[in-house]
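Dear colleague,

Please find the structure for your review below. My notes on what was found follow it.

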Amino acid sequence: MLISLEIFDFSLINHQIIEFKPGLNVITGETGAGKSTIIDALNILFGQKTNYQDINLKDTGKTIIEASFKSKAEACTYLSDIEIDLDNDTIIISREITLKSSKTRVNGSIINSQTLAYLKEVYLNFHGQHETLNLLKESHQLSLLDDLGDSQYQLLKSTVNTCFKQLNELKNSLKQLSLSEDERLKKLDYANFCFKELNQINIQNENEDKILEEQKNLLLNKQQIQDNILGLDQLLKSGVSDHGDVHGLAVLELLDKALVKLSNLQKYNLPVANLIDLTHNAIANLEEVMKDLNKQLNHFEHDGAEIEIIQERLHELAAIKRKYGPGLADVLAAKQKLETELTELNNFESSKKALENKICQLNEVFQDNCQNLSKLRKSLANTLSKLVSAELTDLEMKEAAFEIKLVPLTQANQNGLEHIEFLISPNKGTPFCALVKIASGGELSRIMLALKTVFAKAIKVNSLVFDEIDAGLSGKTVQKVADKLKSLSKTHQLIVVTHQPIIASIANHHLLVSKKLLADNTTIQVQAIHEHNQRLKTLANMVSNSEDKAALNFAKSLLQASNQ
């Protein structure tokens, strides 16, 4: 349930906090007062593209729209799985928009469009002009019908969709295999050439080029390395520096003398045993250093041709990387792919036959699932047709009949064996026609309301938004729509923009939108109408744009009727 909506610097709204209640929330106001701005803000919060003319950047340089919703278990589980902090009672969704960027957050954490779409599906279901137009599209009609199916239906539909995708993948693979003999031999010849080329170069591992570069770097600095090793050897053994200066005793000789002095101190019972051990270790470690350095020195005395061999190998690897790279890992992957391709090309007939068998088997499964889905869809369509027809009778379309027609496709697709059409017979004896051909604006609004009423128990969302559902309606029809909304509001939160006093009179919570001139600026303000006299005056103005006695009496009769 939507608890509140806070808007900063959007359209003509500077700052407004709007609270919503359970049941029926109506939004009223004169034409042009800005009622739809509230619905626009909700739509933009949930990702609708922004008209930057509506962003008020005079003060803060940004528009902020923030809504608080009562927590729902499924939403909490979803958000917890993506590591978003949760409050026990509310989930706060906010969107911040500047001329350069847009950021959406849940409880302070930035979310992506996929998460936002999920939250919209859970929390709000919009009905406006755009959705009425969608009702005329066959693709949307199929989606509306399928959404009403139970878990078994949804699983079957998902299986059909998956089978269709797998079949297409297998058919594409078969198409690639279905070559002429000349084409196959050409591909085989080229694959053999490439594979032989990769085999001959015999790459050791994906890091071979890096290892060789390190070896080359060592060899190019051979002289400097030798000089350092020999200088260290002289310093440790003879006391001669790398400049030829004689320092006296060598480091190892000095340590030997230090060891003698420490042993002498031990005669006097001084605690030097640990120091003697450390000196022994120092001598042993330095001797190990010299042994290892001498080994490395021997390595640099090898034939100078080694660097040429390394350089030549690096050139080979660079050439093969340009052809199959960019890296050696890519080259090795290309070799593996070629090996698979060669196997398929050399075993062309058996591979083709195996693939054809797979396609045949999967197609049988696909067709069976499509047939089963069609049976369930037909039953669902019959049920929905009857339910919507009954709702239309309640909405002053007593002679109307609603029908969902299943139209077979020439070839099954990801949705099954058929598409559907929503048909309407507005009067008894009138043939069924597609909605797009026969339904007026008022009829479409009632059909959509009938569908929403039928779907109310099936869909996850418990808050429904209607932007001028009463457009094009009058008289008894408006009363029937009001009755339907009142009934629906017992189980769902409704947010309804309306011009009709009959609908406004049955509201649980009434919001009045108006434009005010403040400090030479026109702003939209939203006021909650609670007091009885306030409601009477508001309804009277909706009736006749005045507060005369007749209008007030009529408003009073509406409120009395709504309480019965």
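Helices in these notes are DSSP runs of H or I with at least four residues, and they are numbered from the N terminus. The model is a predicted one.

I begin with helix α14 and the residue that follows it. Just after α14, E396 adopts a positive phi of about 60°. The helix itself has 47 residues, which at 1.5 Å a residue should span 69 Å; the C-alpha atoms at its ends lie 66 Å apart, in agreement with that expectation.

Helix α14, residues 348-394, also bears on the nonpolar interior. The largest nonpolar core has 68 residues, and the members that touch the most others in it are L384 and L485. Helix α14 supplies the largest share of this core, namely 12 residues. Leaving aside residues up to four places away in sequence, L485 is in contact with L449, F466, I469, L494, V496 and I503. There is also a second, separate core of 42 residues, which includes L5, F10, L119 and L511. In soluble globular proteins, nonpolar side chains tend to be buried together.

The next point concerns the sheets. One is an open sheet of 6 strands with antiparallel pairing, in the order β2-β1-β4-β5-β6-β7. Its edge strands are β2 (13-19) and β7 (109-110), each of which pairs on one side only. Helix α1 packs on this sheet, where it touches β1 (2-10), β2, β4 (63-70) and β5 (90-97), and its direction makes about 95° with that of β1. At the β7 edge, strand β6 (residues 102-106) is joined to β7 by 2 bridges, and the two run antiparallel. Within this pair, R105 stands opposite I110 of β7.

Another open sheet has 3 strands in the order β9-β10-β11, again with antiparallel pairing. Both β9 (401-413) and β11 (433-434) stand at its edges with a single partner strand each, so one side of each has no neighbour in the sheet. Strand β10 (residues 416-425) is linked to β11 by 2 bridges, the two strands running antiparallel. The bridge partner of I424 in β11 is C433. Helix α5 (residues 138-147) lies across β9 and β10, and runs at about 100° to β10.

One residue of helix α1 deserves separate mention. Is K35 buried or exposed? K35 belongs to α1, which covers residues 35-45, and its relative accessible area is 4%; K35 is therefore buried, the cut-off being under 20%. Apart from residues up to four places away in sequence, the contacts of K35 are I27, T28, G29, E30, V497, T498, H499 and V513.

Finally, I turn to the cysteines. How many disulfides does the structure hold? The number is 0. For C163, the closest cysteine sulfur is that of C370, at 8.0 Å, and the two cannot be counted as bonded because a disulfide requires sulfur atoms within 2.5 Å. C370 is likewise in no disulfide, its nearest cysteine sulfur being that of C163. C163 counts as buried at 6% relative accessibility, and C370 also counts as buried, at 0%.

With kind regards

Methods
Residues numbered from 1 in each chain as written. Predicted model: local features only at pLDDT ≥ 70, side-chain atom pairs only at ≥ 80, totals over all residues. Heavy atoms only, no water. Core = buried A, V, L, I, M, F, W, Y, C linked by side-chain atoms within 4.5 Å. Buried < 20%, exposed > 50% of the residue type's maximum accessible area, 1.4 Å probe, protein only. Contact = heavy atoms within 4.5 Å. Expected span 1.5 Å × (residues − 1). Pairing = 2+ DSSP bridges. Axes fitted to C-alpha atoms, helices over the stretch in contact; angles between N-to-C directions.
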